[in-house]
Amino acid sequence: VEHRNVLTLLDAYEHVAPRSGSLVGIALCPFSFDVSIWEMFSCLCFGGTLHVLEANAAADPAALVNYIRTHRVTSAYLPPAVLDDFGALVGGLGDARATLDRLLVGVEPIRNATLATISAAVTGLRIVNGYGPTEATVCSTFLLYCDAVATD
């Protein structure tokens, strides 16, 4: 995998879900996991702010939602194991909901009901499902989630 492939990955993501303002991201994945490349460089290559979280930050979804809200995180990857809890928690925030503008999901199958809950809770959130082998530089395909075509 060459460095220019990372730029191609970032360009493809920007094409599907362009930044719409200030870029604040989180690095939640272990650095040995390929998605960490997207987490780090999607912020750093575009002049954003990157918050590197502790290794167990996803273990407490309530604290993670609070962190995203408090630090006004706009772009994040959340692993499938966190999404159900995240959807339930972010929906309960009311006017203080998370500031996420775009969310990368993937790695494993994700229930459409989970994505619908998150989408309904965060107005304007663009959820992007990314998939691909590590050898393709993290993701080889991106699909923007849309309620109109989602079925379980």
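**Exercise 1. In which crossing, by hand, does α3 pass α4?**

Step 1. Know the model. It is predicted: local features need pLDDT of at least 70, side-chain atom pairs count only at pLDDT 80 or more, and totals for chains, interfaces and linings use all residues. Residues are numbered from 1 along each chain as its sequence is written, and side-chain values use heavy atoms, with hydrogens and water left out.

Step 2. Find the helices. α3 covers residues 61-70 and α4 covers residues 80-91. Helices (H or I, at least four residues) and strands (E, at least two) are DSSP runs, numbered from the N terminus.

Step 3. Read the crossing. α3 passes α4 in a right-handed crossing. Right-handed means that the near helix is turned clockwise from the far one by less than a right angle; anticlockwise is left-handed.

**Exercise 2. Classify the angle between α3 and α4.**

Step 1. Take the geometry. The two helices pack at an angle of about 60 degrees, and their axes lie 9 Å apart. Axes are lines fitted to C-alpha atoms, for helices over the stretch in contact; angles run from 0 to 180 degrees between N-to-C directions.

Step 2. Apply the cut-offs. Under 35 degrees is roughly parallel, over 145 roughly antiparallel, 65 to 115 roughly perpendicular, and the rest oblique. α3 and α4 are therefore oblique to each other.

Step 3. List the contact (heavy atoms within 4.5 Å). α3 gives Pro61, Ala62, Leu64, Val65 and Ile68; α4 gives Val82, Asp85, Phe86, Leu89 and Val90.

Step 4. Sort by class. The contact of α3 with α4 has nine nonpolar, no polar and one charged residues. Ala, Val, Leu, Ile, Met, Phe, Trp, Tyr, Cys and Pro count as nonpolar, Asp, Glu, Lys and Arg as charged, and the others, Gly among them, as polar.

**Exercise 3. Describe the salt bridge of aspartate 101 and arginine 126.**

Step 1. Check the distance. The side chains meet at 2.4 Å, N to O. A salt bridge needs a side-chain nitrogen of Lys or Arg within 4 Å of a carboxyl oxygen of Asp or Glu.

Step 2. Place the partners. Aspartate 101 sits in the loop between α4 and β4, and arginine 126 in strand β5 (residues 126-131). They are 25 residues apart, so the pair links distant parts of the chain.

Step 3. Judge burial. Both aspartate 101 and arginine 126 are buried. Buried means under 20% relative accessible area, exposed over 50%, partly exposed in between (1.4 Å probe, protein chains only).
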